[in-house]
Amino acid sequence: MRRSTAAVLGTLTGVAMIAGVRMTVPTQIVPVAEDAPADAPADAPADDDAAPADQGGAAPAGDEDEGGDGGGAASDTGLTDGTFKGTGAKNAYGTIQVTITVKGGKITAADATYPTAGNSATINPAAIKKLNASALKAENGDDVDAVSGATFTTGSYRESLQSALDKAKV
Amino acid sequence: MRHVEQVMGTAVSIELADDRPDEELRALVADVCGWLHEVDARFSTYKEDSEVSRLRRGELTYADSHPDLQHVLGACADLWRATDGYFDAYAGGTIDPSGYVKGWSVEVASARLAAAGCHTHYIGAGGDIRARGDRVWRVGVRHPWQADKVAWKLAVTDGAVATSGTYERGGHVINPRTGRPATFLRSVTVVGPDLTLADVHATTALAMESEALSYLEKLTAEGYESAAVTEDGQAFTTPDLPVVA
């Protein structure tokens with residue numbers, strides 16, 4: 001039981017670290033992690049590690065705590081029942097938010113939501129400064145030796161400019 | 001001498017421009033084609049009896065695989081690390097080194113031609129180009145929406161031009177951070193000394209989506225210039241892209 005909780009925590013910590021999420025899960029989680037057995041799975045936090053919430057850059061207890069819509073009593077695991085959301089981390093693809101659900105003092109669900117809207121993200125301005133931005137031109141390619149493009153299939157080759165060049169020169 | 005070979009699921013255009021007897025040039029073309037078919041037979045994910053297919057089914061171990069396959073697997077692992085996981089031969093759930101093999105096999109083919117004394121040539125494999133010689137090769141970059149137009153014309157004397165894009169085969173490049181097909185860029189073209197790396201850089205940049213422009217900018221320090229077109233039609237080029245009129 002405790003072991004599986006540790007595994008979930010480990011996974012959650014992994015998600016948080018990958019996503020760079022600033023976890024604001026209440027620090028009641030800490031005692032669970034520290035009680036994890038020494039032979040816990042490799043991805044579970046070790047005893048001498050910082051608490052998983054800390055690894056994700058946790059705020060101090062109570063600080064920026066957005067979660068806790070359940071608000072149940074703390075159990076002997078130290079976890080308060082409810083659903084807790086991280087504040088969400090913004091990266092190039094949008095906002096990633098981690099949510100955990102605690103029932104009966106156990107984490108029963110851990111999930112991360114990813115942006116679905118695609119790439120509305122802005123382009124790194126520092127990169128743009130060093131690159132030349134321009135309008136796309138469309139020129140005739142009858143004076144080139146070869147054409148570079150996305151890999152065509154043997155079927156789409158027949159319709160390609162490269163094919164026309166090959167026919168003209170063979 | 002020009003030749004077009006259907007191999008590796010695409011068309012490979014070969015032009016040998018050295019002034020040598022036809023029979024010698026024909027033999028050199030045959031050597032290149034033989035090599036590309038050998039690569040296809042070993043690495044194809046579509047052929048049931050390829051080494052890659054046997055490796056996938058667990059019928060072949062790394063230790064028993066051909067040195068070329070060992071090389072490719074090692075290179076893919078190195079590149080996965082070097083690109084923070086963006087160049088991922090396992091993105092589809094099982095090993096698929098195709099993103100490395102085409103550029104690498106053409107780079108090797110071009111080196112074989114040069115070693116055989118054929119110094120002026122180009123090989124274009126499905127849109128990835130390796131050119132050499134004492135002349136300037138004009139390489140058009142396909143317009144990402146208009147198949148019969150080019151967006152840039154590049155001058156290459158000894159170097160490679162590789163393009164990755166979504167317009168031929170849809171979203172076939174996965175962004176490993178999202179697990180979904182990369183859609184931010186319509187096409188990325190990378191120009192540099194080595195086709196293996198130019199191809200890898202183009203594929204990696206496509207997978208990176210909006211992070212790609214920073215990546216492409218950094219590559220200029222290694223001698224790789226580039227042009228990228230976003231899905232909404234913005235074009236970005238590095239300052240030293242060898243564009244000609």
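Q: What makes residues of chain A and chain B part of the contact, and how many does each chain give?
A: Contact means heavy atoms within 4.5 Å. By that rule the contact takes 43 residues from chain A and 65 residues from chain B. By the way, this is a predicted model, where local features need pLDDT of at least 70, side-chain atom pairs count only at pLDDT 80 or more, and totals for chains, interfaces and linings use all residues. Residues are numbered from 1 along each chain as its sequence is written, chains are lettered from A and ligands numbered from 1 in the order in which they are written, and side-chain values use heavy atoms, with hydrogens and water left out.

Q: What is meant by saying that chain A and chain B bury area between them?
A: Buried area is the accessible area (1.4 Å probe) that two parts lose on being put together, summed over both. For chain A and chain B that comes to about 4600 Å², with 54% of it on carbon and sulfur atoms.

Q: Why is the pair Lys153(B) and Asp143(A) called a salt bridge?
A: The rule asks for a side-chain nitrogen of Lys or Arg within 4 Å of a carboxyl oxygen of Asp or Glu. Lys153(B) and Asp143(A) have N to O at 2.9 Å, so the pair passes. Across the interface of chain A and chain B, the rule finds five salt bridges.

Q: What counts as a polar contact, and how many residue pairs make one across the interface of chain A and chain B?
A: You need a pair of N or O atoms within 3.5 Å; within protein, one must be able to donate a hydrogen and the other to accept it, and residues adjacent in sequence count only if both atoms are side-chain atoms. Across this interface, 23 residue pairs fit (both at pLDDT 80 or more).

Q: Which helix of chain A gives the most to the side that touches chain B?
A: That's helix 6 of chain A, with five residues. Helices here are DSSP runs (H or I, at least four residues), strands are runs of E (at least two), and both are numbered from the N terminus.

Q: How do you know that strand 5 of chain A and strand 12 of chain B pair?
A: Two strands pair if DSSP finds at least two bridges between them. These strands have four bridges, in the antiparallel sense, so they pair. Among the partners, Ala135(A) goes with Gln234(B), and Ser134(A) goes with Ala235(B).

Q: Why are strand 5 of chain A and strand 1 of chain B at the edges of their sheet?
A: The open sheet has nine strands in the order 5(A)-12(B)-11(B)-10(B)-7(B)-4(B)-3(B)-2(B)-1(B), with antiparallel pairing. Strand 5 of chain A and strand 1 of chain B each have a single partner strand, so one side of each is left without a neighbour in the sheet.

Q: Which strands form the open sheet with mixed pairing, and what stands at its edges?
A: Four strands form it, in the order 6(A)-6(B)-5(B)-7(A). Strand 6 and strand 7 of chain A stand at the edges, because each has a single partner strand. Strand 7 of chain A pairs with strand 5 of chain B in the parallel sense over three bridges, and one of the partner pairs there is Val147(A) with Gly140(B).

Q: What makes Glu15(B) and Arg2(B) a salt bridge, and where do they sit?
A: Their side chains meet at 2.7 Å, N to O, so they fall within the 4 Å limit. The pair links distant parts of the chain: Glu15(B) is in strand 2 and Arg2(B) in strand 1 of chain B, 13 residues apart.
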